[in-house]
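Here's a quick tour of a protein model, written for someone who is new to reading structures. Have a look at the picture first, then work through the points below.

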Amino acid sequence: MSPATKSKNPVPMKERMKVPRQLMPEQAPELRAHNFEEVNLGYSAELARQEAQRCLECAKPTCTDNCPVGVKVKEFVELIVAGDFLGAAAKIREDCVLPAITGRVCPQEDQCEGKCLLSKKVKPLGIGYLERFVADYEQKMGTHVLPKVAPTGKKVAIVGSGPSGLTVAGDLIQKGHKVHVFEALHEIGGVLVYGIPEFRLPKQIVREQIDYMRQMGVEFETDVVVGRTVTIDELMEEEGYDAVYIGTGAGLPQFMNIPGEHLNGVYSANEFLTRINLMKAYKFPVYDEPMLDLHGKNVAVIGGGNTALDAIRSALRLGAGMAYVLYRRSEAEMPARAEEVHHAQQEGIDFQMLTAPVEFLSDAKGWLTAARCVRMELGEPDASGRRRPVPIQGSEFDLPLSVAIMAIGTTANPIVQTTTPGLGTNKRGYIVASEETQRTTRKGVFAGGDIVTGAATVILAMGAGRRAAKSIHEYLTTGEWEGQA
Ligand SMILES: Cc1cc2nc3c(=O)[nH]c(=O)nc-3n(C[C@H](O)[C@H](O)[C@H](O)COP(=O)(O)OP(=O)(O)OC[C@H]3O[C@@H](n4cnc5c(N)ncnc54)[C@H](O)[C@@H]3O)c2cc1C
């Protein structure tokens, strides 16, 4: 380190490995298993500074290299050490527009923290916890500055209000373009509001970000299904939009196609979580959602990702007697965030690993009574690189259940693709777009997030949104179009 960049960190470099990672204060498991309030309570300023002081200030910060949007971790952490929390928030915002959200839901163990040098010997730096701390601090201080920009006279339509659409909106409004977001549901935020439950991502956090965008001039319109209410051609040819961004996500649930999947009591995770989040079953008994009265009932989710854990932990909070995860591989292969697996285990979720349903059974009225399951063992790796689950002959057993939630993945909803002539899609129905510019095969139409990549992560959707905004701005200012080859 050169004298000019002398560290302000009071902890000598050789002592930093000895400082333990500061624990995130959280609600006690026995308490939180019965409420929808946020599990993690957030660092205090003191805890944040202590944690930040563990940073090894690497000359080549691999944490940043491993962040899909390249957040300058070392620089924002240095600002925390110096006590400049607003400066740290501003530094993160250079690369990430929704830090209060990514600090809470990014899979840090696979990204920034996964490459932290500390993790070779001790626990990695709590980068997600620190990001969340400064974003919340900034929000509490109410110091967002509204940018002043001259209007360009150009109009952009954004289809879908998930993290990718919101990122495009936030970036383009700051370039002076008029931005209008169309959302099919009655609430703005995509998966951030209809999927991820309150106990992981309070809706108020998302609403604050959206309010800020409104103040900047972004217009939001709900209950508009593009492709049904209005088409992309109509938006461009009749309503005068100069460009369109499609960020419609991958919200179409997939099923196993096993007998009994149509029974009463079998849900897709999307429906189950939407009922809880948007129809406010999480506010039970103030809002009563009779279909989700789970008191004393046995509930199982099928799957091992974030969606599966969100669904079953919500079921537990709605009073489920037994709450099972049926996952066909082992814990090592589970795609969910490590912290969520840990929290779910603490809350008493019963993980039935190497187990899959082969049939759902019912009573005479068609209500689910049990899942016939089979145990698995792991064989050779499959195309995904993970070991393939192989059923063990003669291992069938019946698990008594009242509710089963299918969380085995989602795919693209075809409405926009099938109503937009010339818009290229791949064989799985996702929109084809350039990885650098997010340009599609239709002039003036851009796409990004899950509708291009398939179900992925919040930060990847935001990264695509950022690239798209840059590319849309270039298109609007130069008029040049080089579509996807
Ligand atoms: C339950 C759940 C938990 C998750 N947990 C995590 C996590 O912890 N960490 C993480 O990084 N990722 C997580 N993910 C994945 C992450 O949320 C997604 O990758 C991300 O939201 C994708 O963003 P997006 O903007 O592409 O789409 P979405 O967030 O899906 O938003 C798309 C929006 O478009 C709207 N729309 C669709 N069609 C139309 C139409 N025709 N007209 C108008 N609007 C339309 C939809 O209603 C939706 O609001 C989770 C996903 C789910 C379902």
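Let's start with the ligand: helices α8 (163-173), α13 (306-317), α15 (415-418), α16 (450-453) and α17 (458-478) each supply at least two residues of the shell around it. Keep in mind that this is a predicted model. From the ligand we'll move on to two open sheets, a set of antiparallel strands, and two helix pairs.

**Around the ligand**

- Which residues come nearest to the ligand? Of the 43 residues around it, those are G160, G162, G190, G249 and G449.
- The shell is a mix of residue kinds: 22 are nonpolar, 17 are polar and 4 are charged.

**The open sheet with β1 and β4**

- Five strands make up this open sheet, and going across it you meet them in the order β3-β2-β1-β4-β16, with parallel pairing.
- Where does the sheet end on each side? The edge strands are β3 (219-221) and β16 (445-447), and each of them pairs on one side only.
- Step from one strand to its neighbour in this sheet and you find them turned by 20 degrees against each other on average, direction ignored.
- Strand β1 (residues 155-159) and strand β4 (residues 243-246) are a parallel pair, linked by 4 bridges.
- To spot that pair in the structure, look for A157, whose bridge partner in β4 is V244.
- Helix α17 packs on this sheet, where it touches β1, β4 and β16. The direction of α17 makes about 165 degrees with that of β4.
- You've met α17 already, as one of the helices that supply at least two residues of the ligand's shell.

**The open sheet with β7 and β14**

- Here's another open sheet of 5 strands with parallel pairing, and its order is β6-β14-β7-β8-β9.
- The strands at the edges are β6 (266-268) and β9 (350-353), each pairing on one side only.
- From one strand to the next, the twist averages 20 degrees.
- Within this sheet, β7 (residues 298-302) runs parallel to β14 (residues 403-406), and 4 bridges pair them.
- A handy landmark is A300, which stands opposite A404 in β14.

**Strand β11 and its antiparallel partners**

- Strand β10 (residues 355-362) and strand β11 (residues 368-381) run antiparallel and are joined by 7 bridges. In this pair, S362 stands opposite L368 in β11.
- The hairpin of β10 and β11 has 5 residues between the strands, and G366 takes a positive phi near 85 degrees there.
- β11 is also joined to strand β12 (residues 387-391), again antiparallel, by 4 bridges. Here P381 has R387 in β12 as its bridge partner.
- What happens in the hairpin of β11 and β12? There are 5 residues between the strands, and G385 takes a positive phi near 90 degrees.
- Strand β13 (residues 397-400) runs antiparallel to β11 too, with 4 bridges between them. A370 stands opposite P400 in β13.

**Helix α7 and two helices that cross it**

- A tip before you look: two packed helices are described by the angle between their axes and the distance between the axes.
- Start with α2 (residues 45-52) and α7 (residues 127-141), whose axes come within 10 Å and cross at roughly 140 degrees. That angle makes α2 oblique to α7.
- The crossing of α2 and α7 is left-handed. At this contact, A48, E51 and A52 in α2 meet Y129, L130 and F133 in α7.
- Of the residues in the contact of α2 with α7, 5 are nonpolar, none is polar and 1 is charged.
- Next comes α5 (residues 85-93): its axis and that of α7 come within 9 Å and cross at roughly 110 degrees. α5 and α7 are therefore roughly perpendicular to each other.
- Is the crossing of α5 and α7 left-handed or right-handed? It is left-handed.
- On the α5 side the contact residues are F85, L86, A88, A89 and I92, and they meet E131, V134, A135, Y137, E138 and M141 in α7.
- The contact of α5 with α7 divides into 9 nonpolar residues, no polar ones and 2 charged ones.

Conventions: Residues are numbered from 1 along each chain as its sequence is written. This is a predicted model: local features need pLDDT of at least 70, side-chain atom pairs count only at pLDDT 80 or more; totals for chains, interfaces and linings use all residues. Two strands pair if DSSP finds at least two bridges between them. Axes are lines fitted to C-alpha atoms, for helices over the stretch in contact, and angles run from 0 to 180 degrees between N-to-C directions. Angles under 35 degrees count as roughly parallel, over 145 as roughly antiparallel, 65 to 115 as roughly perpendicular and the rest as oblique. A crossing is left-handed if the near helix is turned anticlockwise from the far one by less than a right angle, and right-handed if clockwise. Two residues are in contact if their C-beta atoms, placed from the backbone, lie within 7 Å. Ala, Val, Leu, Ile, Met, Phe, Trp, Tyr, Cys and Pro count as nonpolar, Asp, Glu, Lys and Arg as charged, and the others, Gly among them, as polar. A residue is near a molecule or strand if its C-beta atom, placed from the backbone, lies within 6 Å of it.
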